[in-house]
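Open the model in your viewer and keep a selection box handy. We will go from stop to stop, with something to select at each one.

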Amino acid sequence: KINITKIILILIIIISFLLRFIGAKPGYPPYHSDEGIGYSAATSMVKNKNLDPLRYDYPSLVPLINVGIYETVFIPVAWIKYYTLNLGKIIDGMINLPIRGAEYKRIVQLEILGNRERNALFWSRYITAFFGFGVSLLTYFLAKKIFSKEVGLISMYLVAVNFRQVLNSHLGLPDIYNAFFLLASCLAILRVYQLNDKFSYFLAGLSIGLYFSAKFQFFTILPLLTVFVFSVFCKKANYLGLIISFLTAGLVAILFNPYLIINFEDFLRIQSYQLLKYGGGAFNLFLFPFSYLYQIGIGKIISILAILGASWGLIKKFKLSLLLAMIIFQFFFVFTFYSTGGFYTRNFVTITPLVLIFAGYLIHELSKLINNRKIGNIFLIIFVVVISFTQLKDSLIVTYEYSKPWNFEILARWLAKNITDESIVAAHSSVPLQDSVKRSSYDFHLAYLMDEFKEEGADYAVISLDSAVNESYW
C-alpha cells in the first residue's frame, strides 16, 4: 500500500535540500561583512591553531562548528585533491614530503583555504545550507509533537520554501544556526514537559546553552521556567532537574565562549556599541519589521493565518501553544519595541519557523471543516501550494541567480572582449581592467554623467553600483 504521507515528506525533504544547496556556489559575492564570523574566524583558528574568533560581537559557536567541520571534512578532502593533482610532481621530487615550514603555510593559504580564504567561504556556505535543511526537519518534528503529523508536514513545507529561510541558507551568517538551535531548544523543553526527568532537563540546558552561544539570545529560558511551574502545580516539581538544566546551560556557554571571558573588557565595550547600534532602550513600537514580514519575509496570507493560528492554538492547545507564543512574543518585543534591531530583517529568520507552525496548524484545522477526508486533503494541498507560491517563486529566483557567476567576473570578461587596447577607462579601483587599457580612477570622484567623463578624456566609464552608492544616492 502506498503511503502518501511518506511520499509527501520525501518530496518536501527534496525540495528543502535542493533550494538550499543549489546556488551555494558561486552564490552571493564575498562581500557580506558579517560572513566573517563564520569562515574568517574559522580560518583564523585553523591557521593560528587556537579557538579565538578574534571578534566579540557574536558568540563563538558558529566559527567553532565551522572549524570542526573544516578539520574533519573539507581540509582532509582538499589535501587529498592537492596530492592527487600534484602526484607527478611528488614522484619527480619537485614536491618533498612531508611538506613543512613556509611551503606548508603557502599551500594551506593558497591551495587549501584558497586565495583570500575563498574555499573556506564556500565551505561555510555549504555548512549553513546543511543547517538550513536541518531547520526544516526540526520544524517538522516540533510541529508534529505539539499538534500532529499533518501540521508537521504543512509547517515543514512552509519553511522549506520560505524566501528568507532559503536566502539565508546561502550565506554563512549566524541566523540559520540560531533558528536551528532555537528549534532544538523547543524540542528539548517539550521533552521536559512530557517526561519531567533529569536527562530531559540536561538536554534542555545543553540546547539552551548552544542557542545562546549562536547569537546571545535567551528566549527559551522563560518557556523552560513555565514548564517547571506547570510541574509544580501538578505536584511533580523536579528541582534538581531545573538546577541541572541551568548549570548545564551556563557551562556550555562558558565552554564555547572562553575568549569572551579572557577578553572580557573588549567584549563589554563591543556589546555596548552593539546596544547603541541596535537602538537598545528605544521602548517605541517599530513597525517596519512587521511590514517587511507581512509583505515579503512571510507573506500576506500566511502572516494572517499565523496570527489566527496562534490565537486558535492558545484556545485549543493552551499549554503547548503558550510555549511557542512566549518565544515569539519575547522576540518581537526585543526587536520591535525595546530596540530597533528589527531594521536588520535577517534577525527574523530565527523566529520564522515558529510563526509558520501556527500558520500550518490553522491551515490543517480549516481543512478538517470538509467532511470528506479525501476532498479535504486535496483542498489542503492546493491551498498550501497557492498561498506559498510567491515564497517558492522568490526562493527559486535566489537559487537561480546565485547559480550564476559573480557579476564582477562577468564584467571582467565583457570588458576584455569589448574595450579596445590603449583606451582610457574611468573606473573604480574595484573594477577589473586588462593591463592594455589606461585607468582613469574615480574612487572619490563626483563625475557620474557620460559628458563629464568625456570632458576628462575618458573613452569609457564603468560604474560599479556597489561603490557608487558609497558616494551618492540616486
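Start by selecting Ile2, Ile4, Ile7, Ile10, Leu11, Ile14, Phe17, Leu18 and Ile22: together they form a nonpolar patch on the surface, with about 830 Å² of accessible area. Keep in mind throughout that this is a predicted model. Within the patch, pick out Phe17, which lies in helix H1, residues 4-21. Phe17 counts as partly exposed because its relative accessibility is 37%.

**The whole chain**

Now zoom out. Colour by secondary structure and you should find 23 helices and 3 strands. Along the principal axes, the C-alpha atoms fill a box of roughly 85 × 55 × 55 Å. The chain has 474 residues, and 50% of them count as buried. Switch on the surface: about 24,100 Å² is exposed, with carbon and sulfur atoms supplying 67% of it. If you draw a contact map, consider the contacts between residues at least 6 apart in sequence; 73% of these join residues at least 24 apart.

**A threonine in H2**

Next, select Thr43 in helix H2, residues 39-48. Is Thr43 buried or exposed? Its relative accessibility is 2%, so Thr43 counts as buried. Show its surroundings as sticks: leaving aside residues up to four places away in sequence, Thr43 touches Tyr70, Leu113, Glu117 and Ala120.

**Around helix H5**

Move on to residues 101-112, which make up helix H5. Its 12 residues reach 15 Å from the first C-alpha to the last, close to the 16 Å expected at 1.5 Å a residue. Which residues of H5 are buried? They are Ile107, Val108 and Ile112. These lie on the same side of H5, because they cover an arc of only 100° around the axis. Turn the helix around and you will meet Ala102 and Lys105, exposed on the other side. To see what covers the buried residues, display helix H3 (61-85) and helix H6 (118-146), which are among the elements doing so.

Stay on H5 for Arg106. With a relative accessibility of 38%, Arg106 counts as partly exposed. Try the distance tool from Arg106 to Ala129: the two are 23 residues apart in sequence, and their C-alpha atoms are 29 Å apart in space. Then step just past the end of H5 to Gly114, where phi is positive, at about 95°.

**Two cis peptide bonds**

Select Lys25 and Pro26, which are joined by a cis peptide bond with omega of about 5°. Pro26 sits in the loop between H1 and H2. Another cis bond runs from Leu97 to Pro98, with omega near -5°. You will find Pro98 in the loop between helix H4 (87-91) and H5.

**Positive phi further along**

Go to Lys235, in the loop between helix H11 (221-233) and helix H12 (239-256). Lys235 is not a glycine, yet its phi is positive, at about 60°. Its relative accessible area is 78%, so Lys235 is exposed.

Now select helix H14, residues 264-277. At 1.5 Å a residue its 14 residues should span 20 Å, which agrees with the 20 Å between its end C-alpha atoms. Just after H14 comes Gly279, with a positive phi of about 65°.

The last stop is Phe283, in the loop between H14 and helix H15 (288-297). Phe283 has a positive phi near 50°, although the residue is not glycine. With a relative accessible area of 46%, Phe283 is partly exposed.

Methods: Residues numbered from 1 in each chain as written. Predicted model: local features only at pLDDT ≥ 70, side-chain atom pairs only at ≥ 80, totals over all residues. Heavy atoms only, no water. Patch = residues over 30% accessible without salt bridge, like charges linked within 9 Å, V, L, I, M, F, W, Y side chains within 5 Å. Areas by Shrake-Rupley, 256 points an atom, 1.4 Å probe, with all protein chains shown as cover. Salt bridge = Lys/Arg side-chain N within 4 Å of Asp/Glu carboxyl O. Helix = DSSP H or I, 4+ residues; strand = E, 2+ residues; numbered from the N terminus. Buried < 20%, exposed > 50% of the residue type's maximum accessible area, 1.4 Å probe, protein only. Contact = heavy atoms within 4.5 Å. Expected span 1.5 Å × (residues − 1). Arc of directions from axis to C-beta.
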